[in-house]
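Got your viewer open? Let's take a walk through the aromatic rings, one selection at a time.

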Amino acid sequence: MKVGFIGAGKVGNTLGKYFEQNNIELTGYFDTDISAAKEASDFTMSVVYTSLEELVKLSDIIFITTTDNAIQYVWEDIKELAIEGKIICHCSGALSSDIFKGIGKKGAFGYSVHPLFSCSSKTSSYKKLYDALITIEGSRARLQEVEELFKSLGNSTRIIDSSQKIIYHAAAVFASNQAIALAGQGIDLLKKCGFTRDEAIKSILFLMGNAIENIKKQGLEEALTGPVERNDIMTVRKHLQALSEEEKNIYISLSSKLVKIAKIKNPEKDYIELENLLRGI
């Protein structure tokens, strides 16, 4: 089965190299930026296409690895081509396969295929893709075939419904992008205490890394430590008094979630007074 890519950014390069490393035949890349397509084809030992029609013709599976806002425009172009029997996938975490309107009438099969994975580099992210969960949704007709493509490479897969895509993507943002925001918030507060930026980053990375390791080893609830878990109302009150209004809002929102986790860990404890403090009562 031959795989072609429309879009030669980080995701296109990463998936292409991943497939190439696992002996899946690539047709190559089409991109409006010819230099990006050339770079991707060199990296994956495939071909550059200057004609969208030619790439579609020679590919059995077509991955649209453009930005989210370009997927609709790419579909409008390729749906006018000979796509009967083709599998067409996009890699957006937030968009479903519903974006491929009328694909069934064209005799083709549409899917959203999203690695639950932070793709930060064109040239090295593929090395970690082996451990990523791949979520898939779309036409039932060839769903198993798309899933098997990734299972054959050793990836775990999860079939989801199109109605779940935006919530699924929000979960990914919380765990990945928002984690960076949390790190940034911690770094800013340590800098207020006189830490250099490098010292603050090193310290926060150690704390966050340790928390993640504890979740792996002990589970979510058992990994929880700190003033909320201890029901330490005095310390939480002092934190709220010391923080700016913006910092306080973040702290309250996240601490309210921590209370729910703490209740599971410590069902014998009464967290009502702490909850009232966080609600401003």
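One term before we start: a residue counts as buried when its relative accessible area is under 20%. Keep in mind that this is a predicted model.

**Stop one: a pair of Phe rings.** Select Phe-150. With a relative accessible area of 0%, this residue is buried. Now add Phe-19, which is buried too, at 0% relative accessibility.

How many aromatic pairs are there in the model? The count is 9. In the pair you've just selected, the ring centres of Phe-19 and Phe-150 are 5.8 Å apart and the planes meet at 50°, so this pair is tilted. Colour helix 1 (residues 10-21) to find Phe-19 and helix 5 (residues 143-151) to find Phe-150; the pair therefore ties together parts that are 131 residues apart in sequence.

**Stop two: a Trp with a Phe.** Next, pick Trp-75 and Phe-100. Their ring centres lie 5.3 Å apart with the planes at 65°, and because over 60 degrees counts as edge-to-face, that's the label for this pair. Trp-75 belongs to helix 4 (residues 68-78), while Phe-100 is in the loop between strand 5 (87-90) and strand 6 (109-116). These distant parts of the chain are 25 residues apart. Are the two residues buried or exposed? Both Trp-75 and Phe-100 are buried.

**Stop three: the cluster.** Select Phe-5, Tyr-18, Phe-19, Tyr-29, Phe-63, Tyr-130 and Phe-150 together: they form one aromatic cluster. You'll recognise Phe-19 and Phe-150 from stop one.

**Last stop: a charge over a ring.** Show Lys-17 and Phe-43. The charged end of Lys-17 sits over the Phe-43 ring, 4.9 Å from the ring's centre.

Conventions. Residues numbered from 1 in each chain as written. Predicted model: local features only at pLDDT ≥ 70, side-chain atom pairs only at ≥ 80, totals over all residues. Heavy atoms only, no water. Phe/Tyr/Trp six-rings, centres within 6.5 Å; stacked < 30°, edge-to-face > 60°. Helix = DSSP H or I, 4+ residues; strand = E, 2+ residues; numbered from the N terminus. Buried < 20%, exposed > 50% of the residue type's maximum accessible area, 1.4 Å probe, protein only. Lys NZ or Arg CZ within 6 Å of the ring centre and 35° of its normal.
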